[in-house]
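Subject: Handover of a structure and its findings

Dear colleague,

Please find the structure below, handed over for your examination. A summary of what was found in it follows.

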Amino acid sequence: MVKMNVRLKMILLMVMSLVLGFSSAVDFRWRKGGGFSGRFTRAAGSSVVFPVHGNVYPLGYYNVTINIGQPPRPYYLDLDTGSDLTWLQCDAPCVRCLEAPHPLYQPSNDLIPCNDPLCKAMHMNGNHRYEAAEQCDYEVEYADGGSSLGVLVRDVFSLNYTEGLRLTPRLALGCGYDQIPGASSHHPLDGVLGLGRGKVSILSQLHSQGHVKNVIGHCLSSLGGGILFFGDDLYDSSRVSWTPMSRENSKHYSPAMGGELLFGGRTTGLKNLLTIFDSGSSYTYFNTKAYQAVTYLLKRELSGKPLKEARDDHTLPLCWQGRRPFMSIEEVKKYFKPLALSFKTGWRSKTLFEIPPEAYLIISRKGNVCLGILNGTEIGLQNLNLIGDISMQDQMIIYDNEKQSIGWIPADC
């Protein structure tokens, strides 16, 4: 087992103090490429921080614990920057509910009517028919085939600012009484924390009520765990690599300009790749053309190396085995070249989102090394290229909705 480093201990101590409701004087230290270590300070009381639990493999998800209701009760929520609505499996009663770690959420009596601005924002296409004027029905569907059906309610969320002050806003959430599991939904959670750009997202609601700036960020550790935060005081903006956020693809956190795919520091010839950053996906998905290019280049690079395809390992579509089982990525990453996506930030300037081998490979239970990049076209993502948790590990990813920018910086999470 890898030993916990000092910076990670500092962050976990700070997060634990937030969970307990105490003030923390811990400073964040994030590593910067080239051996530089930058200091990220915080301003008093303007950010909300959550400890994150989970990992890409073998669990397959990251989640946060949020206390909701009166009295407040804990719920495990899948953090998802790819969707807006936060919902809990709800005893309304529940028609179809999935296995969950906590008792079903008991809905408040504060139903959101169909004429509420948040309800209208959810049904902007105008095709929705309301069953009753006093309630707002919803149905959300996810790329993996999962869905949730229910009604919108308001309830109290118990949150903590970074200085330990308690925040108890009333926020809209979904009371989900009919859930269908998706192909990748094998983990027991109470619901989804919608962190997208829409008006119904938790961040947008907190911002509209004046509690935080319209900025969200996360830092997911390859060792497991990490942090999620609302607000802009946990990082030094001048140290962050920024790219403009797309105004056309307003539903997702997507760079304005398509990315150029690099392999080993050289262009693959694939440009203008429509890219989305999505914390709700464990793995990264490329469209068919990009996926085939990556697998071809990897196989060519591995020719003559002491690795061969492990066709009996079905952990992921493409795995390789060595002369003996691998214990960690460190043993095998020397055989793989880094990937990167280059995004234009201006007329001539570009910024690089690096994806080193440890950000696209996992070690399976069988001791084989597997490719954590999958073919998104095959699961209905069409031409989209989705950057999932595996490729965002050990980086602070920041979505600044006020400056309409997406940023990243290497970090010990």
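Strand 15 (residues 260-263) and strand 16 run antiparallel and are joined by two bridges. Within this pair, Phe 263 has Arg 266 of strand 16 as its bridge partner. Strands here are DSSP runs of E with at least two residues, helices are runs of H or I with at least four, and both are numbered from the N terminus. Two strands are taken as paired if DSSP finds at least two bridges between them.

Please note that this is a predicted model, in which local features need pLDDT of at least 70 and side-chain atom pairs count only at pLDDT 80 or more, whereas totals for chains, interfaces and linings use all residues. Residues are numbered from 1 along each chain as its sequence is written, and side-chain values use heavy atoms, with hydrogens and water left out.

The two sheets

Strands 15 and 16 belong to an open sheet of four strands, ordered 16-15-21-22 with antiparallel pairing. Strand 16 and strand 22 (350-355) are its edge strands, each pairing on one side only. Helix 4 lies across strand 15 and strand 21 (339-344), and runs at about 10° to strand 15. For such packing, contact means heavy atoms within 4.5 Å; axes are lines fitted to C-alpha atoms, for helices over the stretch in contact, and angles run from 0 to 180 degrees between N-to-C directions.

Another open sheet consists of four strands in the order 19-20-24-23, again with antiparallel pairing. Its edges are strand 19 (308-309) and strand 23 (361-363); each has a single partner strand, so one side of each is left without a neighbour in the sheet. Helix 4 (residues 288-302) packs on this sheet as well, touching strand 19, strand 20 and strand 24 (369-371), and its direction makes about 150° with that of strand 24. Strand 19 pairs with strand 20 (residues 319-321) in the antiparallel sense over two bridges, and Lys 308 has Gln 321 in strand 20 as its bridge partner.

A hairpin

Strand 7 (residues 137-141) and strand 8 (residues 147-160) pair in the antiparallel sense over five bridges. Val 140 is bridged to Ser 148 in strand 8. The two strands form a hairpin with five residues between them, and Gly 145 in the turn has a positive phi of about 95°.

Backbone geometry

Most residues other than glycine have a negative phi, and most peptide bonds are trans. Asn 272, a residue other than glycine, has a positive phi near 55°; Asn 272 lies in the loop between strand 16 (266-267) and strand 17 (275-277). Tyr 57 and Pro 58 are joined by a cis peptide bond with omega of about 15°, and Pro 58 is found in the loop between strand 3 (48-55) and strand 4 (61-68). The peptide bond from Ala 92 to Pro 93 is also cis, with omega near 0°; Pro 93 is in the loop between strand 6 (87-89) and helix 2 (117-122).

Annotated positions

An unreviewed UniProt entry places the feature "active site" at Asp 80 and Asp 278. Although spread over 199 residues of sequence, they cluster in space, with a largest C-alpha distance of 6.7 Å. UniProt positions are given in the numbering used here, feature names are shortened, and annotations may be inferred rather than shown by experiment. Asp 80 lies in strand 5 (residues 73-80).

Yours sincerely
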